[in-house]
Amino acid sequence: LKHKMLIQVCLYFYCKFLWRCLKFVMRKLTGRCELQRICYNTKPGASRTMKIETSLRDSKSKLLQTSVSVHPDAIEKTIEDIMELKKINPDVNPQLGISLQACLLQIVGYRNLIADVEKLRREPYDSDNPQHEEMLLKLWKFLKPNTPLESRISKQWCEIGFQGDDPKTDFRGMGLLGLYNLQYFAERDATAAQQVLSDSLHPKCSKFSKAEWEKKRMDKAIGYSFAIVGINITDLAYNLLVSGALKTHFYNIAPEAPTLSHFQQTFCKGPHGHNEFNRVREKFRKRIIKQLQNPDMALCPHFAASEGLINM
């Protein structure tokens with residue numbers, strides 16, 4: 001075992017040495033550093049940003065290594081420092097600075113998005129917090145606009161897929177993040193959310209035609225708990241985010257830093273309409289990961305790479 005580990009370590013350093021030699025030769029032949037070659041030869045989006053991220057992270061320069069985790073306000077100064085370190089004249093290569101800035105905004109933004117999402121996940125639902133209570137009551141109003149909630153503690157909550165008479169106990173796993181996502185779906189795509197909820201309660205009375213369901217990429221429901229499935233999809237989206245699997249998607253759809261709303265839009269693409277979610281979840285996760293291996297992939301069609309990416 002020790003012998004095998006020693007071989008792997010030696011192989012790692014050997015490959016690293018060869019890679020550095022190759023980079024040196026390429027710079028001499030092209031007159032451009034690796035960052036320049038990536039920006040000039042790779043189209044904007046995930047393909048370029050992920051290559052830039054790898055190049056910066058694996059650099060022997062401390063400045064380049066730390067550039068992927070600087071504060072957003074320090075990105076412009078960081079680009080200037082990188083250009084100076086690489087002896088690149090910004091007047092001769094104005095496009096390089098613009099391209100690097102776009103990439104760093106996405107890279108740093110993704111790290112910050114993870115921090116924002118993690119903060120929400122770690123914050124427990126507090127029934128003594130007026131803001132938390134207001135969000136929960138809004139969720140009811142968005143999903144059941146014509147049905148008044150008789151009381152805060154009520155069996156009515158089961159009608160929108162919670163397990164008991166007080167939803168706060170169902171948010172333990174994902175904290176406020178689960179509530180944020182459910183409210184976002186119910187508010188931003190009210191028609192779809194109410195239809196999915198209706199089908200969860202009355203699966204044989206769907207008002208969507210087959211074409212409409214296919215357009216919205218939903219499965220025909222056969223009875224499920226709307227809120228609980230939504231919280232489980234939040235967990236799935238969270239794990240995809242933290243693992244880095246969603247970089248491809250976000251780097252393709254966000255011309256600058258990906259935000260919480262981008263994450264919530266991703267949540268809305270989950271398989272909400274299915275009663276056997278645990279089985280479907282793994283199948284769905286594998287399909288998503290496979291799709292995200294394509295550097296041109298964007299999970300939400302209406303979030304197709306912005307035209308703003310074209311000139312970066």
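Leaving aside its neighbours within four places in sequence, which residues is Ser47 in contact with? In this predicted model, the contacts of Ser47 are Thr42, Pro295 and Asp296. The points below cover Ser47, two helices and the cysteines.

**Ser47**
- Ser47 is part of helix H3, which spans residues 46-57.
- The relative accessibility of Ser47 is 18%, so Ser47 counts as buried, the cut-off being under 20%.

**Helix H13**
- Helix H13 covers residues 260-267, and 6 of its 8 residues are buried, so the rest of the structure largely encloses this helix.
- Those buried residues are His262, Phe263, Gln264, Gln265, Thr266 and Phe267.
- Among the elements that cover the buried residues of H13 are helix H6 (94-122) and helix H8 (175-188).
- Helix H11 (226-243) and helix H12 (247-253) are also included in that cover.

**Helix H9**
- Helix H9 runs over residues 190-201 and has 12 residues.
- From its first C-alpha to its last, H9 reaches 17 Å, close to the 16 Å expected at 1.5 Å a residue.
- Buried positions in H9 are Ala192, Ala193, Gln195, Val196, Leu197, Asp199 and Ser200.

**Cysteines and disulfides**
- The structure contains 0 disulfides.
- A disulfide would be a covalent bond joining the sulfur atoms of two cysteines.
- Cys158 has a relative accessible area of 32% and is therefore partly exposed.
- Cys268, at 17% relative accessibility, counts as buried.

Conventions:
Residues numbered from 1 in each chain as written. Predicted model: local features only at pLDDT ≥ 70, side-chain atom pairs only at ≥ 80, totals over all residues. Heavy atoms only, no water. Buried < 20%, exposed > 50% of the residue type's maximum accessible area, 1.4 Å probe, protein only. Helix = DSSP H or I, 4+ residues; strand = E, 2+ residues; numbered from the N terminus. Contact = heavy atoms within 4.5 Å. Expected span 1.5 Å × (residues − 1). Disulfide = S-S within 2.5 Å.
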